[in-house]
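Please consider the model shown below. The account that follows it moves from open spaces to aromatic rings and then to single residues.

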Amino acid sequence: MEAGLFTANNVWMMVCTALVFFMHLGFSFLEIGLTRQKNTVNILFKNVFIITVGLLLYYIGGFNLMYPGFEDGDMGFLKFSGFGIGAPENGMTPEYADGGYTWWTDFLFQGMFAATAATIVSGAVAERIKLGGFMIFTIFYVGLVYPIVGAWKWGGGWLHGLGFYDFAGSTLVHSVGGWGALIAIYLLGARIGKFGEDGKPKAIPGHNLPLAAAGVLILWLGWFGFNGGSVLSADPAVTSLVLVTTCLAAAAGGVSAFITSFVRYKNFDLTMFLNGILGGLVGITAGADQMSPNEAVIIGLIAGVIIVFGVALIDRLKLDDPVGAVAVHLICGIWGTLAVGIFGAMAGLDQFLVQLAGVGATATFCSITGFIILFAIKKIAGLRVSEQEELEGLDLHEHGMDAYADFRMNQH
């Protein structure tokens, strides 16, 4: 391989790494915007904790747990190739990864993905989880659960041997986070005031919809790196197709969600519009390189409908998800994974059943491990803040500060 092509591939992967990093700002803005201002510092703290500690955990052992060097055909479930990181022989040459990138770029790109799984949980548990409990959960979930599931496919493990396909992580990133979020909100319970005495859900409006909209647009931009980088080179044909299918699915998801929401509730709901975009993005992520533009639009349209009914389902189950994380990342993640067996170059019953097996295995493993981690925290240290802390805001009680300097002055 010529040096120029190797350099171009690696530079593209580094740009994509930066874009995925930028998604953490998008997640922060979205989560802040859809919740109340008295918890803003708490949400920012959690999101900064996730990316800093997530990267360190991935350096300590996560990377070698996710890419442990399974032998071809050994259908591995769990393997660990040691603590710390050090480039192998030829790790900086085109011999590594077919000239797509260097070993160091590989570590950093994958490390950005690792932290995303816990960020998904952060939004679902917002406004009522103890900060210490959330940090402990993040350490175990990002440090162990995410890389083990990732190894099953991307690390060459048993799901890879089965023929399971997940291009950029509809299941391996988004559903992993989504299952953790679902278990967490079940164990935590709803926020005070979310459900009336008649059991019907009440809206708890977010305090800053401009921030939420900015967050979604930043996330859409970040997805150029999330999916575009998952080509694992700067291959012009595949990269450009992936970016087109990603964008079309996002657009279709947003339009589909706002229309579905309008038909159902008779208003133009901005939050449904925004979450529809994210649902389309999550839905296309498993098969972005396998779909035609037409198929990407169909996947996005269906994802948008799923968002509206998914949010309603979560409410009906008396679960409280302030940002719609379960509908976006879990339900649309499942949809996107199964869509690989329905649409695109790999469509077929056999592939669909393999995709279903991958969804089932991930659901079982993440639900059980997530429950064990969270239940242990709940019994030992407690998961939820007190009623007074929740009513007065976590910023005051957990951090002793306000995000907006004049907030409490204006309350008196």
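The paragraphs below treat pockets, the cavity, aromatic contacts, cysteines and two helical residues in turn.

The structure is a predicted model, and every value given here was computed from it. A natural place to begin is the largest pocket, which holds about 690 Å³ of space. Its lining is made up of 28 residues, and those closest to its centre are K194, A203, T271, V311 and D315. Two elements, α9 and α10 (293-316), each give two or more residues to this lining. The largest share comes from α10, with 5 residues. By class, the lining of the largest pocket comprises 16 nonpolar, 5 polar and 7 charged residues.

The second largest pocket has a volume of about 560 Å³. It is lined by 24 residues, and Y67, Y101, Q110, W154 and L232 lie nearest its centre. The elements that supply two or more residues here are α2 (40-66) and α3. Helix α3 gives the most to this lining, with 5 residues. The classes divide into 14 nonpolar, 7 polar and 3 charged residues.

Closed space is a separate matter. Over the whole structure, a search for cavities of 30 Å³ or more finds 1. About 100 Å³ of space lies in the largest cavity. Its lining consists of 13 residues, of which F27, L30, V323, A325 and H329 lie nearest the centre. Four elements give two or more residues to that lining, namely α1 (3-33), α3 (103-124), α9 (270-284) and α11 (325-339). Of the lining residues of the largest cavity, 7 are nonpolar, 5 are polar and 1 is charged. Helix α9 thus contributes two or more residues to the lining of the largest cavity, and it also does so for the largest pocket. Helix α3 likewise gives two or more residues to the lining of the largest cavity, and it gives 5 to that of the second largest pocket.

The aromatic side chains come next. A pair of aromatic rings is described by the distance between the centres and the angle between the planes. The structure contains 22 aromatic pairs. In one of them, F80 with F83, the ring centres are 5.0 Å apart and the planes stand at 75°, so the pair is edge-to-face. The angle decides the matter, because planes over 60 degrees apart count as edge-to-face. The two partners can also be described by their accessibility. F80 has a relative accessibility of 36% and counts as partly exposed, whereas F83, at 69%, counts as exposed.

Aromatic residues also gather in a group: Y58, F63, Y67, W103, W104 and F107 form one aromatic cluster. One member of this cluster, Y67, is also among the residues nearest the centre of the second largest pocket. A ring can have a charged neighbour as well. The charged end of K46 sits over the ring of F134, at 5.1 Å from the ring centre.

The cysteines raise a question: how many disulfides does the structure hold? The number is 0. C332 is in no disulfide, and the nearest cysteine sulfur, that of C247, is 17 Å away. C332 is also buried, with a relative accessible area of 0%. For C366, the closest cysteine sulfur is in C332, at 17 Å, which is too far for a bond. The reason lies in the cut-off, because a disulfide requires sulfur atoms within 2.5 Å. C366 also counts as buried, at 0% relative accessibility.

Two further residues can be placed within their helices and within the fold. I185 belongs to helix α6, which spans residues 170-188. It is buried, because its relative accessible area is 1% and buried means under 20%. I185 and G393 are 208 residues apart in sequence, and their C-alpha atoms are 18 Å apart in space. L159 is found in helix α5, residues 158-162. L159 is buried as well, with a relative accessible area of 0%. Between L159 and V53, which are 106 residues apart along the chain, the C-alpha separation is 28 Å.

Conventions: Residues numbered from 1 in each chain as written. Predicted model: local features only at pLDDT ≥ 70, side-chain atom pairs only at ≥ 80, totals over all residues. Heavy atoms only, no water. Phe/Tyr/Trp six-rings, centres within 6.5 Å; stacked < 30°, edge-to-face > 60°. Buried < 20%, exposed > 50% of the residue type's maximum accessible area, 1.4 Å probe, protein only. Lys NZ or Arg CZ within 6 Å of the ring centre and 35° of its normal. 1 Å grid on protein atoms, 1.4 Å probe; cavity = no way out; pocket = protein on both sides within 12 Å on 5 of 7 lines; lining within 4 Å. Points joined across faces, edges and corners; volume = space filled by probe spheres on them. Nonpolar A, V, L, I, M, F, W, Y, C, P; charged D, E, K, R; others polar.
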